[in-house]
Amino acid sequence: MTNNNVKVAARTLKMGKLVAFPTETVYGLGADATNSEAVARVYSVKNRPLHHPLIVHVSSLKQATLWVNEMPEYARKLALEFWPGPMTLILSRSNLAQGFITGNQATVAIRIPSHPIAIDLLMEFESLGGAGVAAPSANKFGAVSPTSCNDVYEEIGVALSNEDLILDGGKCDVGIESTIIDCSSNVPRILRPGAITYEEISHVTELKFPRKITSSQVKAPGTLDSHYAPKARVKLDTKAKQGDGFIAMAGIPTPEGAIRLSAPLTSKEYARELYSALRLGDQQKLKTIVVIQPKGTGIEIGIRERLMKSANYTNKLT
Ligand code: TXA
Ligand code: MG
């Protein structure tokens with residue numbers, strides 16, 4: 001099922017099958033974004049509620065414009081600056097973006113990823129006449145996103161068929177999902193924080209807009225639906241007890257009896273390691289993982305947002 005031939009993978013997508021592939025953020029579970037049956041299988045493999053819109057991945061700005069109706073000037077600036085990269089833009093949709101991709105909304109989510117295997121796959125798919133690849137993170141609904149090929153296999157391997165594929169692109173460099181920016185009005189709105197920060201968006205667009213993360217009206221990022229949760233209970237900024245998992249910056253010592261899952265030196269490394277550290281806690285069947293959150297207003301905002309959601313969710317269960 002694992003294969004590194006992008007030509008075969010592109011044909012697999014074109015035939016209506018699924019291909020899990022690496023991006024610089026997390027692994028995605030890809031389907032031809034114009035094929036409603038293939039997209040329906042993505043929902044069923046993930047156990048994802050229907051009508052939850054998907055991101056369309058393309059290889060170039062030219063290809064992106066096929067999916068959108070209009071692109072405000074500030075969105076174009078963002079696209080030119082940060083694509084290919086860990087950013088998703090929400091734009092008014094063209095007729096190519098059908099209801100089964102957009103959750104029947106007037107907008108579509110578009111991203112050009114920078115991982116070389118993702119770009120190769122998309123270019124190959126487009127050369128076969130494909131328009132774009134719909135790809136949510138390749139995890140079961142509500143679980144932690146996969147950041148390695150092995151994670152994908154463990155999450156959804158059994159739910160895939162023999163004709164589907166998983167491409168191996170090593171460990172993801174960013175480690176948390178893309179920054180989502182709603183560009184459907186006259187100023188940008190951040191719907192999901194990530195590696196592309198408020199400061200960068202504000203600098204490039206030369207616009208001032210609220211810092212607040214505004215979850216969209218759709219059942220989208222920011223709702224409890226996306227809980228980014230491991231099986232263990234996640235507790236934030238509290239004292240770890242004997243047998244608890246522990247995640248914190250390298251400078252913070254491990255409390256006695258706690259099990260260190262990650263000790264990143266930088267916030268970038270924190271993001272890169274976070275999901276695999278949470279998974280490691282589950283593999284070790286830990287009941288509780290204590291996380292000391294990173295401070296800062298860059299990618300740290302994205303890290304804290306994911307952590308807050310996993311803590312809220314896991315604490316409700318217990
Ligand atoms: O980094 C990423 O963005 C990864 C990689 C694979 O590209 N993908 C990813 O997809 O995180 P997913 O489906 O797990 O999260 C996409 C989020 C969802 O919460 C969805 O609701 C939101 O994007 N979204 C998609 N289309 C939207 C739209 N038209 N308006 C608002 N939110 C939208
Ligand atoms: Mg996801």
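**Note on the predicted model**

1. Start with strand β1. V19 sits in this strand, which covers residues 19-21. The model is predicted, and the points below should be read on that footing.

2. V19 is fully covered: its relative accessible area is 0%. Buried means under 20%, so V19 counts as buried. Leaving out neighbours within four places in sequence, V19 is in contact with A9, T12, L13, G28, L29, G30, L121, L165 and L167. One of these partners, L165, is 146 residues away along the chain. Even so, the C-alpha atoms of V19 and L165 are separated by 4.7 Å.

3. Next, the largest nonpolar core. This core holds 50 residues. Those that touch the most other members are L29, W67, L78, W83, L89 and I110. Several elements each supply at least two residues of the core. The strands are β2 (28-32), β5 (87-93) and β6 (107-111). The helices are α2 (36-46), α4 (73-82), α7 (149-156) and α8 (198-205). In soluble globular proteins, nonpolar side chains tend to be buried together.

4. What does L89 touch, not counting residues up to four places away in sequence? The list is M71, A75, L78, A79, W83, V108, A109, I110, I181 and C183. A second core, separate from the largest one, has 22 residues. Y228, L261, Y270 and L278 are among them.

5. Now ligand 1. The shell around it has 27 residues, and the closest are T25, R48, H57, S178 and R192. Three side chains place a polar atom at short range from a ligand oxygen atom, as follows.
   - T25: a polar side-chain atom lies 2.7 Å from an oxygen atom of ligand 1.
   - R48: the distance from a polar side-chain atom to an oxygen atom of ligand 1 is 2.9 Å.
   - H57: an N or O atom in the side chain is 2.7 Å from an oxygen atom of ligand 1.

6. How much of ligand 1 does the protein bury? Taken alone, the ligand exposes 680 Å², and the protein buries 97% of that. The elements giving two or more residues to the shell are β3 (55-57), β6 and β10 (189-192). Strand β6 gives the most, with 3 residues. β6 also supplies at least two residues of the largest nonpolar core. By class, the shell around ligand 1 has 13 nonpolar, 9 polar and 5 charged residues.

7. Backbone geometry deserves a look. Most residues other than glycine have a negative phi, and most peptide bonds are trans. The peptide bond from W83 to P84 is cis, with omega near -5 degrees. P84 lies in the loop between α4 and β5. On the other side of that bond, W83 is one of the residues that touch the most other members of the largest core. W83 is also on the contact list of L89.

8. Where does N104 lie? N104 is in the loop between α5 (99-102) and β6. Its phi is positive, at about 60 degrees, although N104 is not a glycine. N104 counts as exposed, at 59% relative accessibility.

9. E206 is another non-glycine residue with a positive phi, here about 55 degrees. This residue is found in the loop between α8 and β11 (233-236). Is E206 buried or exposed? Its relative accessibility is 65%, so E206 counts as exposed.

Key:
Residues numbered from 1 in each chain as written. Chains lettered and ligands numbered in written order. Predicted model: local features only at pLDDT ≥ 70, side-chain atom pairs only at ≥ 80, totals over all residues. Heavy atoms only, no water. Core = buried A, V, L, I, M, F, W, Y, C linked by side-chain atoms within 4.5 Å. Buried < 20%, exposed > 50% of the residue type's maximum accessible area, 1.4 Å probe, protein only. Helix = DSSP H or I, 4+ residues; strand = E, 2+ residues; numbered from the N terminus. Contact = heavy atoms within 4.5 Å. Near = heavy atom within 4 Å. Polar contact = N/O pair within 3.5 Å; in protein donor to acceptor, adjacent residues only side chain to side chain. Areas by Shrake-Rupley, 256 points an atom, 1.4 Å probe, with all protein chains shown as cover. Nonpolar A, V, L, I, M, F, W, Y, C, P; charged D, E, K, R; others polar.
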